[in-house]
Amino acid sequence: MSIRVLIKEYPHRAIALTTRTHALVLRHSSSSADQNGFSNASTSSLGNGTGAARCMVEFSSLENIDLDDYRALNMVNAHGTLGLITVNGDIFLVVVNGASKVATVRPGETVQRIHSVGFYCLNSSSYDSLLNDEVNPYPTDTIDDEGFEMGFGKDKGQSPVEHPCLALKKLLSSGTFYYSTDFDLTRRLQDRSTDGATVSLDSLDAGFLWNSYMIQPLVDFRSRLSPREKRALDDSGILTSAIRGFALTITVPSSSSPIKVSGSGLPAAMTLISRLSCRRAGTRFNARGIDDDGNVANFVETETVYWAPSGVCFSYTQVRGSVPLFWEQQTGLLPGQQKITITRSPEATQPAFDRHFENLELAYGAIHVVNLLSNEKPQEMELSNRYRHHIRNSPLTNGKETSKEHELIQLTEYDFHAETRGPAGYEAASMISQWIRHSADGFAYYLSEEIEERARSGGKDYVIKRPTTILQQEGIFRTNCLDCLDRTNLVQTIVSKMALEIFLRHKSLSGTSDFWMRHSSMWADNGDALSRIYAGTGALKSSFTRHGKMSLAGALADARKSATRMYINNFADKGRQNTIDMLLGRLMGQVPVHLFDPINDYVQAELNKRASEFTENEVIHILAGTFNLNGKTHGINHDLSPWLCPNVDPSQQCPEIVAVGFQEIVELSPQQIMSTDPARRQKWEAAVKRCLNENAAKHGKEEYVLLRGGQLVGASLSVFVRANCLKLIKNVEGSVKKTGMSGIAGNKGAVAIRMEYANTSIVLVTAHLAAGFANYEERNRDYRTISHGLRFQRNRAIEDHDTVIWLGDFNYRIGLSNEKVQKLCQVGDLETMYDNDQLNVQMVAGLTFPFYSEARITFMPTYKYDLGTDIYDTSEKARIPAWCDRVLRKGDNIRQINYSDAPLKFSDHRPVYATFQCLISKVDEKKKEQLSEGIYRGRKEMVGDTRAAGVGEETDDEDLIGYESVEPGLPPASSDRRKWWLDNGLPARSRVQPPSNDHIPNPKRPSNPFTPSPEPDWIKVERLSEKPIPPPSRGTRAQTVDFNGTGTNSNASLPQAKPNPLARKLIVPQFNGPANTDGAQDPPGQPLSRSTSNASTQSLPVLPTRSKPLPPPSTTPSSNLSKELSRKPAPPIPNKKPSLLSTALSPAPTPSPPPQRYRDTPEPSINTRPQPPPPRRSMAAPPAARKPAPTSSLIDTAPQQDERPPLPPRTGTGLSSVSAGSGKTGRGGAGSGGGGNFLDEEPEDMDALRGWEVLRPVR
């Protein structure tokens, strides 16, 4: 689909990508780019760039966007966008300008190669005239040592002579990047959904997606769109996913094709796709070995696909990758200078090594390592020895006690150079096949065939034609040499040919010489392309790969390539590495562009809140049946209706979904367990379908069609659905997981099929677990292996579904003797047997199938019967009867109705079935769309034309539209026009308090208080010019400290006392009351009460500030004052010898001096008081032992007049209790005189006050 690139300059710059029906509009938001003066540049030294550059984005149909002010940027139509990237503070939209079709995997699945890209700046028109002409993608003479164009960026004052993205353009235009708008190019055929009509960007494999950094902002934007808009965006082809590597289709004429279709002259197609991983991307000497995440350098997944016009499709995948150790290699002009260094110890390497192979096993299954390193070169020998050591210690191998065939990792070491040194030359390399053929047979291959099904629905006959998976590949070859280029490509060619031969042999066919020549030529082109990416030149030995023999011209070409490699690796690779890192967003300080759509984001949030208005529920029925066939086939012609169409309630007849699981569908001989033959399963599927359709016709329901089938040697799962339900089913996928013989063989394991029925995800799993009476722990282990290791697309696991049903031969036994079980069966005592059932016991203990449920068992044990009878095993082995065949469920929306067995006697097991009711969620898309449009219109009227395609003036509010407060009760986000602290005309007043008068706010702190910064909040500035303030005289009350340097006195009407130079000022711990954020004063005369403190006062510093002296207190206590002040007595004050205070404190006798006033005490004689300082922040938790005092209301209540008990002394202050009658230094006691002196002249006694509570207003 052609895409036009349009641009608009006024009133703000915007770029639109338009198709015939829709447009994607991007507009730069200048309010975010450089708020803190930092540039968001993608260079090697990016500084401390903080916030990401922001752009507004909008995707809409053309009738809703006015494009009159836009002009075409060039005359060439684009093919899509690769994303957005920032370079030197400018935001560039990367657009594919030129591409050509190079491959067609299957009809309708094309692959395009990118040969030209354009970079269009969103925030500047300076670069519009540059980069319009094509550039040579390969020269490196204009790139400096750091990988950037010379002459640009060295002097910010000069105008650039080169486009800042020229190096990126050369990389992306090099012919090594590919994309497809028809299918997911990042995944192999086996892992792709068969019904995926378009590429879903959120399901791409990020490991092979090279523009993931650039496209991610657009993917995030897409995730916030409605389903209809998502489909429209995907169908438009605007968003492009690119891989790097190789793709090519070679047409095979019908005369050379092994599979010939009678009456059709259509040619077959053979395709090769190589996907280079971007997780540890780099050039030859800059990227070696493994990283801590388990990613290896030059990791390539290569897939060979053969498609025939008959609908048969074969696929085989293998991988290559650097030796998974931490090692480096120096560059050098001579081969001897290229020294290899292993940089980590074996113990430090093993975790990353294990992670690499666990990821491989999860994605591909069992692994066969083919190591082609030399056994003669010391450096390569050291790598091989360490490689061998780590494989031996890998958890995927079972140790020395098990045979090699049963390990998940197998190793074949093949010294390529030594084996091909003889007269046979490189032809001797084909001898490797004898060492790896057993694994090739076990791994099998992916095979799908197009089948036609006739279904009857609504009185009409329909023909449904779709591909059906027959076989799946269940293992992988991992090949490596030193560079994983030349030797590796030749051996992978041999492995690919061997897999094709196995496939053709199963079909009783063979390939012609012309067929194999085309195959070899395709692999030679693949080797050249991958070598050019990693080493800079084509592959060596490609002459032999291409023609099957090595000529003199080929040898001379290899010599020339080696010399070219030496130059490029020594002088050009550093620049290429920097460009690759820039493309992948790995340079220091690179930040992806932030995209926001103000109106649409609000609409989606509202739709989520109102989901119940357009969602309805519907109940469907599911039947799940499991049967261990014991390898028997004569039951195909039996009547299966007692099992598949049981006599149940009429509402349960003809369920919408029928899942049928078979075990031991073939006899598990040593030859069978390594490969899968689908012929037997297809026969059983035909018998099941026939039985279901006969019952459907009897009840007047639609016919059943086979939705999907899957098989793992003896275990198979087939899912049938009624034809009228097909329109509600989507995203059908299948997967298998081996557990037998440690995962290498298919005698045990699981097959799973998942689907989405309307808006509910359902997964059905059939499993055949380990046999043996005492092997319940191994069965538990098999469950964990399947539950964790079986994966669908997008890395979905079994547990990631709304409804889960397991069915199969789980092989759990009854833990009683044979005689006792036989007697219990005769008397029908199912409860006793179930109490000793291993599955029941293990589930109750939480050791297997956690959170699963099983209905009450009302049928006799289903294993093991004599064939054709109802008699349990009478052979010499005398198997104990057991409920081996089970059905389990999990999900809040599923309810089991029936659970029973069926009297089919042609196997030693009895089949079991279960019926369910399942609550399905259905979204009314039409109603949802109407609601969405209504919300959109209402929001648009409210906020005006604040959109990417709008014409309004740009403000800072645009990114805040539609965002609510982060917590209930908090105000919404503020902006330049709306400030929550100024709402209702009540300005707020800051009450932040510095530690002292010598502290000021740190100007180096970021303006945003939530920005992480190592800078302190306050810095101390010595003020030597200020004149010291004399201290208050002894006996006076302490005054409120004013940190603004102007000591205020609210008791101005009282007589002033002369300052006493010998007296020291009482500094009380700071006021910890609640902050008053509305700016209002506290009510006058507010009583103070003790409450729980948020911080220990011992941690607060003594403030050195001095203030003006206070007037002396009144000698006559005021009755009004005693009513207004509700507080506890003051703490006892030591007088030179605290140890003498040995008795309890008591209130002072009458007349008592006025109570000592702290600096936050309200003044009794005036209406207002000085504003108390705000509380200090503290991370300390309040002490658990303290209990808050009863509180009084601040509004319309009289202060409490009761006297509080005395404060207890704090441990560690040196104070002890004083008796009531001692008359010693109590409050107002004889020792204190009439002045109520609280301080002694000795400075060390100040510490006695550090442990007292802070007084605060009572709330």
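Here a trainee and a mentor talk through sheets, a buried loop residue and nonpolar cores in a predicted model.

Trainee: Let's start with sheets. What is the order of the strands in the open sheet of 5 strands?

Mentor: General idea to begin with: strands in a sheet are paired by backbone hydrogen bonds, in a parallel or an antiparallel way. In this model, the order is S26-S27-S28-S29-S30, and the pairing is mixed. Strand S26 (729-738) and strand S30 (885-890) are the edge strands, each pairing on one side only. From one strand to the next, the twist averages 15°.

Trainee: Can we zoom in on a pair? How many bridges join strand S27 and strand S28?

Mentor: Strand S27 (residues 749-757) pairs with strand S28 (residues 760-768) over 9 bridges, in the antiparallel sense. To find the pairing on screen, look for Tyr-757, whose bridge partner in S28 is Thr-760.

Trainee: And strand S32, which strands does it pair with?

Mentor: Strand S22 (residues 615-628) runs antiparallel to strand S32 (residues 912-923), and 12 bridges join them. Within that pairing, Glu-618 has Ile-920 of S32 as its bridge partner. Strand S31 (residues 894-901) also pairs with S32, again antiparallel, over 7 bridges. There you'll see Asp-901 opposite Val-912 of S32.

Trainee: Now a loop residue. Is Ala-882 buried or exposed?

Mentor: Ala-882 sits in the loop between helix H19 (838-844) and S30. Its relative accessibility is 0%, so Ala-882 counts as buried.

Trainee: Which residues is Ala-882 in contact with, beyond its neighbours within four places in sequence?

Mentor: Ala-882 contacts Tyr-812, Arg-813, Ile-814, Pro-861, Thr-862 and Tyr-863. You can also check Val-821: its C-alpha is 8.7 Å from that of Ala-882, though the two are 61 residues apart in sequence.

Trainee: What about cores? Which residues have the most contacts inside the largest nonpolar core?

Mentor: The general idea is that nonpolar side chains tend to be buried together in soluble globular proteins. Here the largest nonpolar core has 85 residues, and Val-111, Tyr-306, Phe-357 and Phe-503 have the most contacts inside it. Helix H8 (residues 486-506) gives the most to this core, with 10 residues.

Trainee: What does Tyr-306 touch, not counting residues up to four places away in sequence?

Mentor: Quite a list! Among the residues Tyr-306 touches are Ile-259, Val-312, Phe-314, Leu-500, Phe-503 and Phe-515. Apart from the largest core lies another one, of 46 residues, including Val-721, Ile-753, Ile-814 and Ile-920. You've met two of those names already: Ile-814 is in contact with Ala-882, and Ile-920 is the bridge partner of Glu-618.

Terms used. Residues numbered from 1 in each chain as written. Predicted model: local features only at pLDDT ≥ 70, side-chain atom pairs only at ≥ 80, totals over all residues. Heavy atoms only, no water. Pairing = 2+ DSSP bridges. Helix = DSSP H or I, 4+ residues; strand = E, 2+ residues; numbered from the N terminus. Axes fitted to C-alpha atoms, helices over the stretch in contact; angles between N-to-C directions. Buried < 20%, exposed > 50% of the residue type's maximum accessible area, 1.4 Å probe, protein only. Contact = heavy atoms within 4.5 Å. Core = buried A, V, L, I, M, F, W, Y, C linked by side-chain atoms within 4.5 Å.
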